[in-house]
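Okay everyone, thanks for coming. Let's walk through this one together, slowly, and stop me if I lose you.

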Protein chains: 2
Amino acid sequence: MSEVTPATAGPAPGSEHDGFTYLLVQLGTRAARLFAERLAPLGLEPRHAGLLFRLAANEGRSQQAMGELLGLNPTRMVFLVDELEQRGLVERRRNAADRRSYALYLTDAGRDMLGAIREAAGPEQARLGASLSQGERGQLTGLLRKLAGELGITEQHLPG
Amino acid sequence: MSEVTPATAGPAPGSEHDGFTYLLVQLGTRAARLFAERLAPLGLEPRHAGLLFRLAANEGRSQQAMGELLGLNPTRMVFLVDELEQRGLVERRRNAADRRSYALYLTDAGRDMLGAIREAAGPEQARLGASLSQGERGQLTGLLRKLAGELGITEQHLPG
DNA sequence: TTTAAATTATCACGAGACGAAACGATGTCT
DNA sequence: AGACATCGTTTCGTCTCGTGATAATTTAAA
């Protein structure tokens, strides 16, 4: 029974209609779009929010280390940090030990922005899950977390 | 209690870690990538598969009507149909009633390809959900369907 | 008939994301 | 000192996509 082939009949194995893959893709893109819309008034895009959140949990890392953590190549990372630095949300400090690299830090404005993002995203999530009871929401979160755990999603990755 | 504001404490309302929004986005993009990888050996990309599936349920429609259904602009639609026609999976037939327009049909090869896509995607989904029991998988599908229903996702849309 | 509208196709242009390669500055190793 | 690797950066080309303009064919309206 460890074999995953769904040879047992049930709903057609590969049909897109009974599977959760299609639903995951659809809901994922939809959720991303809703989040982006909520973020727009703040002058940010999802990737900015992603970096800010990850940075809050990993302050002082080098730019490249952060990029690797997020799955971004160095070129893209330079651009992303540039944008956030120009907005005064992130700071590049020379690393005293290794002056080739920068250490990334949140500014006070960056920390404030983090709060603003949370305030913007919270109600949106509540609206998205309005058709679910609180128990169902917890159930869903638990199941998704199980899936994510198997795939090695660690809350550190940045959505494509 | 119909109010959705989570004023009651519990896990911090806007925190990304307890919410399913972040998980949905992550899992959605991951599922899309896995699907694309499974499709690559067939020489197809997700958009091709999307059109083939939607076309199977809407044969005989005009090219532009299909494009509208999928959320693609006419220019892009021409290109997409070109690609599938060159592969012999889709056929453009002159519409007898209105000879300005084409009616789109699947060829036999297109129908075969549909089966191949299902065979490629099925095991992938099983692998993705390997950490879930069969009951949990059904539960998850049900919950996702509820969410999708609220958002008006009708199995007709093409993932961004 | 004349005129306007619809459908498909084609082209040019720019926006945006992305990767590859190279470069200067710095650090490390021999 | 010299050779080599690493970090951040810049530049270049590629890919995808959207928009707008244009044309050819066919249909519908005046």
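One definition before we start: when I say helix, I mean a DSSP run of H or I with at least four residues, and helices are numbered from the N terminus. Also keep in mind that this is a predicted model.

Let's begin with DNA strand D. It has 18 residues around it, and the closest are A:Gln63, A:Gln64, A:Pro74, A:Ser101 and B:Arg99. Which elements give two or more residues to that surface? They are α3 (63–70) and α4 (74–86) of chain A, together with α4 (74–86) of chain B. The largest share, four residues, comes from α4(A). If you sort the surface near strand D by class, you get five nonpolar, seven polar and six charged residues.

Now over to DNA strand C. There are 18 residues around this strand, and the ones that come nearest are A:Arg99, B:Ser62, B:Gln63, B:Gln64 and B:Ser101. At least two residues each are supplied by α4 of chain A and by α3 and α4 of chain B. Which helix gives the most here? That's α4(B), with four residues. By class, the surface near strand C has four nonpolar, eight polar and six charged residues.

So how do α3 and α4 sit against each other in chain B? Their axes come within 9 Å and cross at roughly 110 degrees. Angles of 65 to 115 degrees count as roughly perpendicular, so that makes α3(B) roughly perpendicular to α4(B). On the α3(B) side, the contact is made by B:Gln63, B:Gln64 and B:Gly67, and on the α4(B) side by B:Pro74, B:Met77 and B:Val81. Those contact residues divide into three nonpolar, three polar and no charged. Notice that B:Gln63 and B:Gln64 are in this contact, and they're also among the residues that come nearest to strand C.

Last stop: helix α6 of chain B, residues 134–151. This helix has 18 residues and reaches 26 Å from its first C-alpha to its last, close to the 26 Å expected. Its buried residues are B:Arg137, B:Leu140, B:Thr141, B:Leu143, B:Leu144, B:Leu147 and B:Ala148. Look at the spacing of those numbers on your screen. An α-helix has 3.6 residues a turn, so residues three or four places apart point the same way. And what do the buried residues of α6(B) pack against? They pack against α1 (20–39) and α6 (134–151) of chain A. Just after α6(B), B:Gly152 takes a positive phi of about 75 degrees.

That's my tour, thanks!

Key:
Residues numbered from 1 in each chain as written. Chains lettered and ligands numbered in written order. Predicted model: local features only at pLDDT ≥ 70, side-chain atom pairs only at ≥ 80, totals over all residues. Near = placed C-beta within 6 Å. Nonpolar A, V, L, I, M, F, W, Y, C, P; charged D, E, K, R; others polar. Expected span 1.5 Å × (residues − 1). Buried ≥ 20, exposed ≤ 12 C-beta atoms within 10 Å, placed from the backbone. Contact = placed C-beta atoms within 7 Å. Axes fitted to C-alpha atoms, helices over the stretch in contact; angles between N-to-C directions. Parallel < 35°, antiparallel > 145°, perpendicular 65-115°, else oblique.
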